[in-house]
Amino acid sequence: MMAPTALIIEDDMVDSTQEPRPARLVRLADRIIIKVGSSVSTSHPDAWRQIAADVAALQAQRKRVALVASGAVALGREGRPGMAPPRVRRAWASVGQMKLTARVERSFDAAGLRPAQVLVRHADSLDEASGARIAHLLDDLGTDGSVPVVNEDDCNRLEGACFADNDQLAAWLGRIWRAQLIVFLTDVDGVYDRDPSSPDQAAQRIECLDSVRLKDTAAGGPGAAGKGTGGMHSKIDAARAALGYGCSSIITCGLRPSPLAHAQRTAACTVVEERTQQRSWPGGQLEVTHP
């Protein structure tokens with residue numbers, strides 16, 4: 001197997017302004033999806049308090065925010081080693097969803113936020129009317145001041161007829177909701193040119209990717225915790241899909257205080273965006289922007 005090719009960030013990918021790329025993307029976005037990975041969601045419960053602080057700050061800027069929360073299966077299987085057949089994993093999801101909901105509610109209540117659970121099925125992604133209803137629900141919840149927390153209905157999922165993982169769910173949700181930004185919170189601070197966990201390699205974080213560079217990206221390494229089904233390759237695939245409808249992405253570490261605010265301030269993340277973005281929404285409308 002060939003070693004991943006290191007990516008070189010060329011001058012045309014560097015902003016001429018002093019505003020960090022992630023701060024600019026957040027400032028320009030009206031609708032933001034935050035996808036919380038299992039390694040973050042199942043870590044210390046304080047992680048959700050830090051995420052809640054970010055969401056509250058975004059709402060204060062009059063932005064619409066929806067979350068995709070992983071971790072139900074991982075929380076439900078605590079103390080049970082090894083893999084299990086789908087039937088058992090559905091039971092774990094049922095137990096874990098209660099634990100995950102409790103973590104979110106405690107943290108959001110303390111921040112003055114009102115979370116709202118939204119469960120979707122893969123079949124919804126195949127039906128335009130179902131997708132439209134979910135998008136309208138997210139809008140209605142945002143108008144009400146609530147924060148949608150979206151997850152696949154793992155308790156009732158059919159193997160072979162489900163989302164590959166919640167990264168793909170976030171990408172689909174971004175399309176139907178017309179989001180401008182997806183933030184992937186994981187256990188590393190972005191995409192690297194080689195496995196950052198390898199002690200014998202000096203991995204370099206890639207600051208910015210576009211559709212051309214995404215084709216050459218074969219590195220990044222799986223999430224260190226190994227609790228979810230995604231990993232970095234899945235996030236890259238989801239970010240690539242999001243670019244197809246003009247939605248940018250930020251991939252950063254969610255295991256630090258106010259992780260999105262930290263990424264905006266320090267640019268410790270990987271930004272995925274096009275230099276000239278073409279937004280293609282359902283219905284055939286096309287909007288071209290020059291960030």
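## A walk through the model, starting at S70

Start by selecting S70, a buried residue with a relative accessible area of 7%. Keep in mind that what you have open is a predicted model. S70 sits in the loop between β2 (64–69) and α4 (72–76).

Show the side chains around S70 next. Two polar contacts are worth drawing as dashes: one of 2.9 Å to the side chain of N166, and one of 3.5 Å to the side chain of K35. For the wider surroundings, skip anything within four places in sequence of S70; what remains in contact is K35, V36, G37, S38, S41, L100 and N166.

**Stop two: N151**

From there, jump to N151, which belongs to strand β4 (residues 146–152). Is N151 buried or exposed? With 3% relative accessibility, N151 counts as buried. Its side chain reaches the backbone oxygen of A69 at 2.7 Å, so that is another pair to mark, and A69 is within β2 (64–69). Leaving out residues up to four places away in sequence, N151 touches A69, Q97, L100, V118, L119, V120, N166 and L169. Now pick the C-alpha atoms of N151 and Q97: they are 9.5 Å apart in space and 54 residues apart in sequence.

**Stop three: α8 against α10**

Color helix α8 (residues 166–177) and helix α10 (residues 232–243) and look at the pair. Their axes are 8 Å apart and the packing angle is about 10°. Angles under 35 degrees count as roughly parallel, and α8 and α10 are therefore roughly parallel to each other. By class, the contact of these two helices has three nonpolar, two polar and three charged residues. To see who meets whom, select D167, Q168 and A171 on the α8 side, then S234, K235, D237, A238 and A241 on the α10 side.

Follow the chain past α8 and you come to R178, in the loop between α8 and β5. What is there to notice about its backbone? The phi of R178 is positive, near 60°, in a residue other than glycine. R178 is partly exposed, with a relative accessible area of 34%.

**Stop four: into α11**

Move on to the loop between β7 and α11 and select S258. Here is another residue other than glycine with a positive phi, near 40°. At 21% relative accessibility, S258 counts as partly exposed.

Next, highlight helix α11 (residues 259–266). Which of its residues are buried? They are P259, L260, H262, A263 and Q264. Turn on the elements that cover them, which include α1 (21–28), α3 (46–60), β5 (181–186) and β7 (248–253). After α11 comes A267, with a positive phi near 60°.

Stay here and keep only α3 and α11 in view. How do these helices pack? The angle is about 65° and the axes are 7 Å apart. That makes α3 roughly perpendicular to α11. Q50, I51, D54 and L58 of α3 make the contact with P259, L260 and A261 of α11. Sorted by class, the residues of this contact are five nonpolar, one polar and one charged.

If you want to see how the side chains line up along a helix, the general rule helps: an α-helix has 3.6 residues a turn, so residues three or four places apart point the same way.

**Stop five: the cysteines**

Where might you look for disulfides? Nowhere, as it happens: the structure holds zero of them. Select C208, which is in no disulfide, and find the nearest cysteine sulfur, that of C269, 9.2 Å away. C208 counts as buried, at 0% relative accessibility. C253 is buried too, with a relative accessible area of 10%.

**Zooming out**

Finally, bring the whole cartoon back. The protein has eleven helices and ten strands. Color by accessibility and you are looking at 291 residues, of which 52% are buried. If you compute a contact map, take the contacts between residues at least 6 apart in sequence: 74% of them join residues at least 24 apart.

Definitions and conventions. Residues numbered from 1 in each chain as written. Predicted model: local features only at pLDDT ≥ 70, side-chain atom pairs only at ≥ 80, totals over all residues. Heavy atoms only, no water. Helix = DSSP H or I, 4+ residues; strand = E, 2+ residues; numbered from the N terminus. Buried < 20%, exposed > 50% of the residue type's maximum accessible area, 1.4 Å probe, protein only. Polar contact = N/O pair within 3.5 Å; in protein donor to acceptor, adjacent residues only side chain to side chain. Contact = heavy atoms within 4.5 Å. Disulfide = S-S within 2.5 Å. Axes fitted to C-alpha atoms, helices over the stretch in contact; angles between N-to-C directions. Parallel < 35°, antiparallel > 145°, perpendicular 65-115°, else oblique. Nonpolar A, V, L, I, M, F, W, Y, C, P; charged D, E, K, R; others polar.
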